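Colleague: I am new to reading protein models and would like a close look at a single part. Could you take me through the sheet and then set it beside the ring pairs found elsewhere in the chain?

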Amino acid sequence: MATATEVTPSCPPRPALIGTKKGTFAYFTIKDRLPVIITRVVDHVYRTYSVLPNDVAHADTIREAKGIIEALGKLRYEMQTDKPLTPLLQDNMGDHLVWNSIMETYFPQKTWFSATWLFSECYMYRRIYQCFSLTTHWRDFDYFAEQKKDTFHASDRAVAALADRTLALCQEATMQLDETSRHTAFMELAQASLWGNKTDLSLLVNLDLADVHSLQGGEGGHAQDRSSFIVVNHLEAWWAQVRTWSGVRIDIVLDNSGFESFVDLVFAHWLVATGYCSKVVFHCKAIPWFVSDTTIPDFHWLVQTCRDRFQHATHLTNSEHLGGLETLGDQWQDHLMLGRWELRADAFWTSPYAFWHLPRGTAPVPVNTAGSAANSGPGASSHTTSSAALFADLQQNSAAVIFKGDLNYRKLLYDCEWDLTTPFSTALGPLAQVGTQLPVVSLRTSKCDLMVGLQPGQGEELDKRDPKWMVNGKFAVIEVSFPDKA
Ligand SMILES: O=P(O)(O)OC[C@@]1(O)O[C@H](CO)[C@@H](O)[C@@H]1O
C-alpha cells in the first residue's frame, strides 16, 4: 500500500478502479454508459437549435450549435476508440492548467480506459463543458437541465406528500421537546435523504415516469423501512452527535438535483426548525456534472418550483395537496434570503481530485469567474480559491460535512480496491487523521464496485443475496467519522 505522502491521482492507496479491467463497472461505464450520455447531449443540442428560425439573427447560434455537435462527436469517437487523453483548452473555468498538469504529471500517454476511471470520467464531463464554454451563445446552456427538470416534475406526487409530512414533523419538533420523537423524525428524514440518492440520471438513461415513481418508493412518498438494505448503518452514532448540537453549522455536499436535493432540503429544514442547526451550507457544482448533479441555478429552480406549486405538474389530481409545498418553498426562500442557508459552488468539487487532497492544499483551483453570473442569486456566495481554503473553512466551522451519493463516496475513498472490511476511517485517509480530520457523514446508495466498513463474511452473504448488490443502487451505506472529542 502506498503511504499517505506517495498517494497521487495515478497511485491511490490501493489499486485504482480502472477501465482496462473487463467485467468491472468502470469498464462497462466507459464502454457503454458514457457514450450514451454524450449522444443524449448531442440530441438535446440538435433539438434545441433545430427549432430556431433560420434567419440572420440566429445564424451564429446555429453555426455554434453545429460546431458543438461536431466537437461532441469527436469526443465520443476518441473515447470509443480509446485514444490518448488530450489537454484542455483555456475556457471560462480558468482551471485548464490544473487539469493539464495532472494529465502531464500522472497520466502521460494514458487513454480513456488506461487512465484511472475517476480521472477519465471526470475528464469527460469537463470536456463536454468545454464544447459549450468556448462558444458565445451556448456557454451558459445547461445541456442536462431538461432531464433534471423532467425528473423532478415526474416526482411531484412523492414531493407533495413529503412536503406535508415535513411540515407536520417540524411543527411537532417545535411544539414538544420530547427527544424520542425527535430521534424518530431524525431517523425517518436521514433515511429519506439517503434513498433520494437512487434517483440518479447518469445511471437511469432510459428512465420513464413509472421508474421514477417506483424508485421513490411508490405513491405515498413515505420512506419505506428499507433498513435491511443499509449494509453499514452508523445512523445511531450520528444521532449521538446531533442530539448534542445547538445552533451549529452543517455542510451538505449535494449530489443529484430534483428529488434527491428536495429530500436533502427537507432534512436540512427539519435540522434548522429543531434548532440543532442555525446554518446549512449547500455545496453545488459549478458546471453541469454527472448528468444530474445540482448546480446553483438547479437549486433556485427547485425552490421556485415548490413555491409555484408545480405549475406545470401533470400527474397531480388534487391541487389542495400543494399548499404544504408552497409553504415549504416560501420558508426555503426565507432561509436563503436571511443567510440561514447558503449556496456555494467551489470548483474543487468538479476537479478530478479525490478528497484525500482536500486538506493538502495541493490542488489550487481558480475561481470560476465566468460561471459566477449563473451561480448567483439569494444565498449564493463567492467561491474559495483553493482546496486548502475550502478545507480550512469546513474544519473550523462545520459540525458535520454530509457527502451525498456515489461519486462523493468514490472521491472520499480515492476510488480504489479497498477490502470490504476496511474501516471507513482508514479509507478516508487524511480526513480521519489527527490535524486534518473532518466530521464526515456519507449517505450513499451503492452504484459501483467500491465499499468499505462491512463485517467479515458480510460481503459473501450479500453476493448470495443479490449478485449485483454493489452496483444496482438497491443497497446503501450510512457511514460516519467524527473527530474524537478532546
Ligand atoms: O454520485 P451519484 O449520482 O450517486 O452516482 C454517480 C454514478 O452514477 O456515476 C458513476 C458512474 O458513472 C457511479 O459512481 C455512479 O453510478
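Modeller: What follows goes through the sheet strand by strand, and then turns to the aromatic rings, to two residues outside the sheet and to the confidence scores.

Please keep in mind that this is a predicted model, so I shall come back at the end to how confident the predictor is. The sheet is an open one of 7 strands, and if you follow it across from one side you meet them in the order β1-β7-β6-β5-β2-β3-β4, with mixed pairing. Strands β1 (230-233) and β4 are the ones at the edges, and because each has a single partner strand, one side of each is left without a neighbour in the sheet. From one strand to the next, the twist averages 15°.

Strand β7 is a good place to look closely, since β1 and β6 stand on either side of it in that order. With strand β6 (residues 440-445), strand β7 (residues 476-481) pairs in the antiparallel sense, and 6 bridges join the two. Within this pairing, Leu443 has Ile478 as its bridge partner in β7, while Arg444 stands opposite Val477 of β7. On the other side, β1 and β7 run parallel and are joined by 3 bridges, and here Val477 of β7 is the bridge partner of Val232.

How many of the residues of β7 are buried? The strand is mostly covered, with 6 of its 6 residues buried. If you look at the directions of the side chains, Ala476, Ile478 and Val480 point one way from the strand, whereas Val477, Glu479 and Ser481 point the other way, and all of them are buried.

A helix also belongs to this picture, for α14 (residues 405-412) packs on the sheet and touches β2 (248-253), β5 (400-404), β6 and β7. The direction of helix α14 makes about 130° with that of β6. Arg410 has its charged end over the ring of Trp117, at 3.4 Å from the ring centre. In a comparable way, the charged end of Arg465 sits over the ring of Phe229, 4.7 Å from its centre.

At the other end of the sheet order, a pair of rings deserves attention. The centres of the rings of Phe282 and Trp341 are 5.0 Å apart and their planes stand at 70°, so the pair is edge-to-face, the word used for planes over 60 degrees apart. This pair links distant parts of the chain, since Phe282 lies in strand β3 (residues 277-283) and Trp341 in strand β4 (residues 341-344), 59 residues apart. Phe282 and Trp341 are both buried.

Across the whole structure, a search finds 40 aromatic pairs. One of them is formed by Phe186 and Phe267, which is tilted, with 5.8 Å from centre to centre and 50° between the planes. Here too distant parts of the chain are linked, with Phe186 in helix α7 (residues 179-195) and Phe267 in helix α10 (residues 259-273), 81 residues apart. Phe186 is buried, and Phe267 is buried as well. Ring pairs also link Tyr125, Phe132, Trp138, Phe141, Tyr143, Phe144, Trp289 and Phe290 into a cluster.

Trp289 appears again in the surroundings of Arg126, a residue of helix α4 (residues 117-133). Beyond the neighbours within four places in sequence, Arg126 is in contact with Leu88, Asp91, Met93, Asp95, Trp99, Ile287 and Trp289. Arg126 counts as buried because its relative accessibility is 0%. Met93, one of these contacts, has its place in the loop between α2 (56-80) and α3 (96-106), and with 1% relative accessibility Met93 counts as buried too.

As for confidence, the chain averages a pLDDT of 88, and 85% of the residues score at least 70. There are stretches to treat with caution, however, including residues 201-209, where pLDDT stays under 50 and the model has 28 contacts beyond four places in sequence. Residues 217-223 likewise stay under a pLDDT of 50, with 9 such contacts in the model. Where pLDDT is low, the predicted coordinates should not be read in detail.

Key. Residues numbered from 1 in each chain as written. Predicted model: local features only at pLDDT ≥ 70, side-chain atom pairs only at ≥ 80, totals over all residues. Heavy atoms only, no water. Phe/Tyr/Trp six-rings, centres within 6.5 Å; stacked < 30°, edge-to-face > 60°. Helix = DSSP H or I, 4+ residues; strand = E, 2+ residues; numbered from the N terminus. Buried < 20%, exposed > 50% of the residue type's maximum accessible area, 1.4 Å probe, protein only. Lys NZ or Arg CZ within 6 Å of the ring centre and 35° of its normal. Pairing = 2+ DSSP bridges. Axes fitted to C-alpha atoms, helices over the stretch in contact; angles between N-to-C directions. Contact = heavy atoms within 4.5 Å. pLDDT = per-residue confidence, 0-100.
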